[in-house]
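Grab a pencil and work through a few exercises on a protein fold. Try each task yourself before you read the solution below it.

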Amino acid sequence: MQAQCVTDGVPPDFLDDAAVAAWTVSGAPLVDLLRQAHVPGRLTGFRRGGRSAVLVTAPRHVHQVLGVGGDRYVKRSHRARPLLGDGMLSATGEAWRSQRRVLQAMFTGRGVQRWDHHIAGAAACVVDRWAERARRGEPADIAEDVQFFTVDTIWRSLTDRPLDRETYLDLAAVQDIVAALPADVGGTAALPPAAEAALAALDERMFRALADARARHRADGAGVSVLDRLLDAAASDPAYTDRLIRDELVTLLVAGYESSARTLTWAFVLLDRHPEVMERAAGDAGAVEAVLSETLRLYPTGWLLPRTAVADGTLDGWALPAGTDLLVCPYLTHRDPEVWPEPEAFDPGRFPARSPLPPGAYLPFGIGPRACLGTRFAMREMEVLLGALLARFTVETTGPGAGEPVFGINLRPAGPLHARVRERP
């Protein structure tokens, strides 16, 4: 039997160009279009700007595209290329494989242990800051504090140096650049002037760090930071120009702090709504890990993972012509009622899962060959900070809160998150 094209005809799960255009003109977020199109367990075909597209949410389809799809489904053009350049997230083919080999040992398995002292040092700074605020009765800005922690942690790992305030301001501006990037592959790559200025300041900071590391590297021999590892690679591989090293540093900065900072903020938003869970997690490492896993289920920062079919093929019996965009949406996959009973409810008791989850059902860090290299690093730093704060402080948010999600290139809570923190007896 000939496969039916997923964008031919008008099956029940099909949106035509007019429907998509109506949503675009209305200014509705892309996630609203995807929610309207979403049929659990089904592929959803539609056209955008003359291009065929498919929404992929069912775990078995996600597994086929990301887990075993290999080179059949690739990134057409990374939405963050103006920021990341040719770093590992935006690289493809052999360049990506080579870059991943250089960094893999530093962020997987026992390699993460080398950063434990950096994670502990950055966490201690936040604990001390909260202790002082508790003593003075001053509010804490949770989103700001966890962001400083994650930037501090990744900066120490990149350079083997603690973070100072001036450097932090340049690095934290990454969030403004990311916010200016398109949520979808079809968006414009041009940055507004303010984001361009922030990008220029970030570049200057990165090249200055590279020059400092190169001077130390020559004087002291091989070091242990990520920058030292990249300089070692540059000594034998001409592909590692200063520009590519800059691109790798920015890629690791974005991957190393954006997701972790957003997830920690979301965790406090959810814990504030469920104080009984907060109390159970105080001093319980397993409960802290479960809280983070459930937070990542509800609010995966990488909520949309675009891919493109490079050749004609089929997916679950449907023909996919070459050039078809596939929009893998972990946000909707994580809300599949066939896998997650009461999918909108915050229930850390889901983790660890009592039975193996279907392949492709849970992917806060992606799956397959291009799964996030820093998964263990991210989980380790989040567990350390959240565990330390919950064990020592009670937290009660004040003001309107930051619970509304913003669906941009990543998924982040809107606004600040202020809280009153008190030392536990």
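The exercises below use this predicted model, and each comes with a worked solution.

**Exercise 1: Getting your bearings**

Task: Find how many helices and strands the protein has, and what share of its residues is buried.

Solution: Start with the secondary structure, which comes to 16 helices and 14 strands. Next, look at burial: of the 425 residues, 52% count as buried. Finally, check how the chain folds back on itself. Take the contacts with a separation of 6 or more; 73% of these come from residues 24 or more positions apart.

**Exercise 2: Following a helix**

Task: Describe the length, the bend and the packing of helix α5.

Solution: First, the length. α5 covers residues 93-107, and its 15 residues reach 21 Å from the first C-alpha to the last, close to the 21 Å expected at 1.5 Å a residue. Second, the bend: the helix turns by about 35° at arginine 101. Third, list what is buried, namely Trp96, Gln99, Arg100, Val102, Leu103, Met106 and Phe107. Look at the spacing of those numbers with this in mind: an α-helix has 3.6 residues a turn, so residues three or four places apart point the same way. Fourth, ask what these buried residues pack against: α11 (226-236), α12 (242-273) and α16 (375-392). Last, look just past the helix, where glycine 109 has a positive phi, near 55°.

Now try the span check on α16. Its 18 residues should span 26 Å at 1.5 Å a residue, and the end C-alpha atoms are 26 Å apart, so the two agree. Among the buried residues of α16 are Phe377, Met382, Leu386 and Leu389.

**Exercise 3: Inside the core**

Task: Which residues touch the most other members of the largest nonpolar core?

Solution: Recall the general trend: in soluble globular proteins, nonpolar side chains tend to be buried together. Here the largest core has 110 residues, and Leu34, Leu83, Trp130, Leu202, Trp303 and Leu386 touch the most other members. The largest share of this core, 16 residues, comes from α12. Apart from it lies another core of 15 residues, including Val54 and Ala309.

Zoom in on tryptophan 130. Skip its neighbours within four places in sequence, and its contacts are Ala140, Ile142, Asp145, Phe268, Leu389, Phe393, Val395 and Val421.

**Exercise 4: Reading a small sheet**

Task: Work out the strand order of the open sheet that holds β6, and explain why β6 and β11 are edge strands.

Solution: The sheet has 3 strands in the order β6-β14-β11, paired antiparallel. β6 (140-141) and β11 (393-398) each have a single partner strand, so one side of each is left without a neighbour in the sheet. Between β6 and β14 (residues 418-423) there are 2 bridges; alanine 140, for instance, partners alanine 419. Helix α6 (residues 116-136) packs on the sheet, touching β6, β11 and β14, and its direction makes about 85° with that of β14.

**Exercise 5: A covered strand**

Task: Are the faces of β7 covered or open, and which strands pair with β7?

Solution: In a regular strand the side chains alternate between the two faces of the sheet. In β7, Leu305, Arg307 and Ala309 lie on one side and Pro306 and Thr308 on the other; all are buried, so both faces are covered. As for partners, β5 (residues 73-74) pairs antiparallel with β7 over 2 bridges, with tyrosine 73 opposite alanine 309. β10 (residues 325-328) is also antiparallel to β7, joined by 4 bridges, and leucine 305 is partnered there by valine 328.

Methods:
Residues numbered from 1 in each chain as written. Predicted model: local features only at pLDDT ≥ 70, side-chain atom pairs only at ≥ 80, totals over all residues. Heavy atoms only, no water. Expected span 1.5 Å × (residues − 1). Bend = angle between axes of the 7 residues up to and from the residue. Buried < 20%, exposed > 50% of the residue type's maximum accessible area, 1.4 Å probe, protein only. Contact = heavy atoms within 4.5 Å. Core = buried A, V, L, I, M, F, W, Y, C linked by side-chain atoms within 4.5 Å. Pairing = 2+ DSSP bridges. Axes fitted to C-alpha atoms, helices over the stretch in contact; angles between N-to-C directions.
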